[in-house]
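Got a new fold on your screen and not sure where to look? Here is a short tour, grouped by topic.

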Amino acid sequence: MWKITMVEDNDAEAARVAEYIGRYGRESGEAFDVKRFADAETFLADYDADCDVVFMDIQLPDMSGMDAARRLRERDSEVTLVFITNMVQYAVSGYEVGALDFIVKPVAYYNFAIKFRRVLRERRTRSAGGAELSLSGESGVKRVAVSSIKYIEVAGHHLIFHTFDGTVDVCGTLADMEKTLEGKHFSRCNNCYLVNLKYVTEIGPGSCMVGGEEVQISRRRRKAFIDDLTLFVGRN
């Protein structure tokens with residue numbers, strides 16, 4: 001689950017961004033934990049460096065978002081920072097504090113979704129240390145970030161990689177891919193699927209939700225899969 005923080009003093013703007021994050025989650029299968037602060041001082045006092053993305057307004061009541069961002073960077077150089085502002089003239093200054101992007105108010109969903117997709121892609125690549133797979137298919141070689149893979153499905157002699165950017169079909173065996181991805185929080189839920197535990201949001205009697213898609217769990221592998229998931233969640 002992605003941890004998102006908003007620093008926004010305007011209730012209507014905060015509600016709009018929260019609504020857009022929820023809508024994006026429903027459309028993409030991503031899961032988000034959203035926390036909002038109305039001022040920078042409270043945000044900085046409560047900040048525990050356990051956040052993926054910070055959406056920061058520039059006009060805040062106690063200090064500017066730019067000053068808050070400078071103090072944030074003293075404590076966390078890795079969190080992804082995005083400014084949401086109607087003060088476009090200050091956007092360039094965002095690069096001084098390592099802002100990835102800025103979104104202009106009033107925020108429209110289409111523009112927000114495009115930028116948010118880019119933000120999450122950047123986070124996945126960084127969290128995986130840039131780890132990628134080079135997959136050879138009929139259309140040539142395609143590089144896929146390990147962190148973008150929701151699950152891998154076997155179909156005959158083919159592997160179908162279900163990613164947040166679409167599917168990739170290559171020849172191979174699930175056993176070999178399981179060895180390749182050892183130590184990268186993947187687990188079998190049945191003989192046909194290798195699942196990225198990071199994107200499991202729900203487990204039912206005979207299936208689980210992975211990045212917004214339903215994947216079947218076999219009775220034989222259910223206990224081991226849940227044990228793997230429990231261990232992964234406990235470590236993260």
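The notes below go through one helix, some strands, a few odd backbone spots and the cysteines.

This is a predicted model, where local features need pLDDT of at least 70, side-chain atom pairs count only at pLDDT 80 or more, and totals for chains, interfaces and linings use all residues. Residues are numbered from 1 along each chain as its sequence is written, and side-chain values use heavy atoms, with hydrogens and water left out. Helices (H or I, at least four residues) and strands (E, at least two) are DSSP runs, numbered from the N terminus.

**Helix H6**

- H6 covers residues 222-235, and at 1.5 Å a residue its 14 residues should span 20 Å. Its end C-alpha atoms are 20 Å apart, which agrees. (The expected span is 1.5 Å times one less than the number of residues.)
- Which residues of H6 are buried? Phe225, Leu229 and Phe232 are; buried means under 20% relative accessible area, exposed over 50%, and partly exposed in between, with a 1.4 Å probe and protein chains only.
- These buried residues cover an arc of only 65 degrees around the axis, so they sit on the same side of H6. (The arc is that of the directions from the helix axis to the C-beta atoms.)
- Turn to the other side of H6 and you'll find Lys223, Thr230, Gly234 and Arg235 exposed.
- The cover over the buried residues of H6 includes strands S11 (186-190), S12 (193-196), S13 (200-203) and S14 (207-210).

**The sheet beside it**

- Three strands make an open sheet in the order S13-S14-S15, with antiparallel pairing. (Two strands pair if DSSP finds at least two bridges between them.)
- S13 and S15 (213-216) are the edge strands, each pairing on one side only.
- Neighbouring strands of this sheet are turned by 30 degrees against each other on average, direction ignored. (Axes are lines fitted to C-alpha atoms, for helices over the stretch in contact, and angles run from 0 to 180 degrees between N-to-C directions.)
- S13 and S14 run antiparallel and are joined by three bridges; Val200 stands opposite Val210 in S14.
- H6 packs on the sheet, touching S13 and S14, and its direction makes about 140 degrees with that of S13. (Contact means heavy atoms within 4.5 Å.)
- Look for Gln216 in strand S15: Gln216 is partly exposed, with a relative accessible area of 42%. Leaving aside neighbours within four places in sequence, Gln216 is in contact with Cys189, Asn190, Tyr193, Gly206 and Ser207.

**A hairpin**

- S9 (residues 158-163) and S10 (residues 166-171) form a hairpin with two residues between them.
- They pair in the antiparallel sense over six bridges, and Thr163 has Gly166 in S10 as its bridge partner.

**Odd backbone spots**

- Most residues other than glycine have a negative phi, and most peptide bonds are trans.
- His185 has a positive phi of about 50 degrees although it is not a glycine. You'll find His185 in the loop between helix H5 (174-180) and S11.
- A cis peptide bond joins Lys105 and Pro106, with omega about -5 degrees. Pro106 is in the loop between strand S5 (99-104) and helix H4 (109-127).

**Cysteines**

- How many disulfides does the structure hold? Zero; a disulfide is a pair of cysteine sulfur atoms within 2.5 Å.
- The sulfur of Cys208 is 4.8 Å from the closest cysteine sulfur, in Cys189, too far for a bond.
- Cys208 counts as buried, at 1% relative accessibility, and Cys51 counts as buried at 10%.
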